[in-house]
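Please open the model in your viewer and keep the selection tool at hand. The stops below go from the whole chain to single residues and back.

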Amino acid sequence: MSNENYQKCRTCRFCIHSEGSWVCLLKGIPTDSGSSCERYRPGSCENCNNLKTAGGRTLCMITGEETYILSVCSDYDPSGRRSV
């Protein structure tokens, strides 16, 4: 069974909300918590909480290595059986 929050704006770090108002920062437009985004890429580094950008560099805090923000993590498992 898949997670009901999978690929929803409410789980995206680029969506912000206040009370009932949701805004997609990528597009700069209002959205809602149950919407999805065509830029959503499961496992992409830009959606990872372990990504850090500083001084023009993008670092994976798990490996400590520099990465490209649109790369897809080889350790990503959408079923949640294996976590990084």
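A residue is called buried under 20% relative accessible area, exposed over 50%, and partly exposed in between, with a 1.4 Å probe and protein chains only. This is a predicted model, in which local features need a pLDDT of at least 70 and side-chain atom pairs count only at pLDDT 80 or more, while totals for chains, interfaces and linings use all residues. Residues are numbered from 1 along each chain as its sequence is written, and side-chain values use heavy atoms, with hydrogens and water left out.

**Whole chain**

Colour the chain by pLDDT, the predictor's confidence in each residue, from 0 to 100; the average is 79, and 87% of the residues score at least 70. Switch to a cartoon view, and you should find zero helices and five strands, where helices (H or I, at least four residues) and strands (E, at least two) are DSSP runs numbered from the N terminus. Among these elements, strand 3 (residues 29-31) has the highest mean pLDDT, 91, and strand 1 (residues 15-18) the lowest, 87.

**The sheet**

Select strands 1, 2 and 3, which form an open sheet in the order 1-2-3 with antiparallel pairing; two strands pair if DSSP finds at least two bridges between them. Strand 1 and strand 3 are at the edges and have a single partner strand each, so one side of each is left without a neighbour in the sheet. Neighbouring strands of this sheet are turned by 35° against each other on average, direction ignored, with axes taken as lines fitted to C-alpha atoms, for helices over the stretch in contact, and angles running from 0 to 180 degrees between N-to-C directions.

**Strand 1 to strand 2**

Zoom in on strand 2 (residues 21-24), which four bridges join to strand 1 in an antiparallel arrangement. His 17 stands opposite Trp 22, and Ser 18 has Ser 21 as its bridge partner. The two strands make a hairpin with two residues between them, and Glu 19 in the turn has a positive phi of about 55°. Select Gly 20 next, in the loop between strand 1 and strand 2; is this residue buried or exposed? Gly 20 counts as exposed, because its relative accessibility is 70%. Draw a distance from the C-alpha atom of Gly 20 to that of Asp 32, twelve residues apart along the chain, and the separation is 8.4 Å.

**Strand 2 to strand 3**

Show the side chains of strand 2, which alternate: Trp 22 and Cys 24 point to one face and are buried, whereas Ser 21 and Val 23 point to the other and are not. On the other pairing, three bridges join strand 2 to strand 3, again antiparallel, and Val 23 has Pro 30 as its bridge partner in strand 3. This hairpin has four residues between the strands, and Gly 28 takes a positive phi near 70°.

**Strand 5**

Move on to Thr 58, which is in strand 5 (residues 57-60) and is buried, with a relative accessible area of 14%. Leaving aside neighbours within four places in sequence, the contacts of Thr 58 (heavy atoms within 4.5 Å) are Leu 51, Lys 52, Thr 53, Glu 65, Glu 66, Thr 67 and Ile 69.

**Back to the whole chain**

Finally, display the surface: the chain exposes about 6,200 Å², of which carbon and sulfur atoms supply 49%, with accessible areas from the Shrake-Rupley method and a 1.4 Å probe, and for residues only the protein chains shown counting as cover. Buried residues make up 17% of the 84 residues in the chain.
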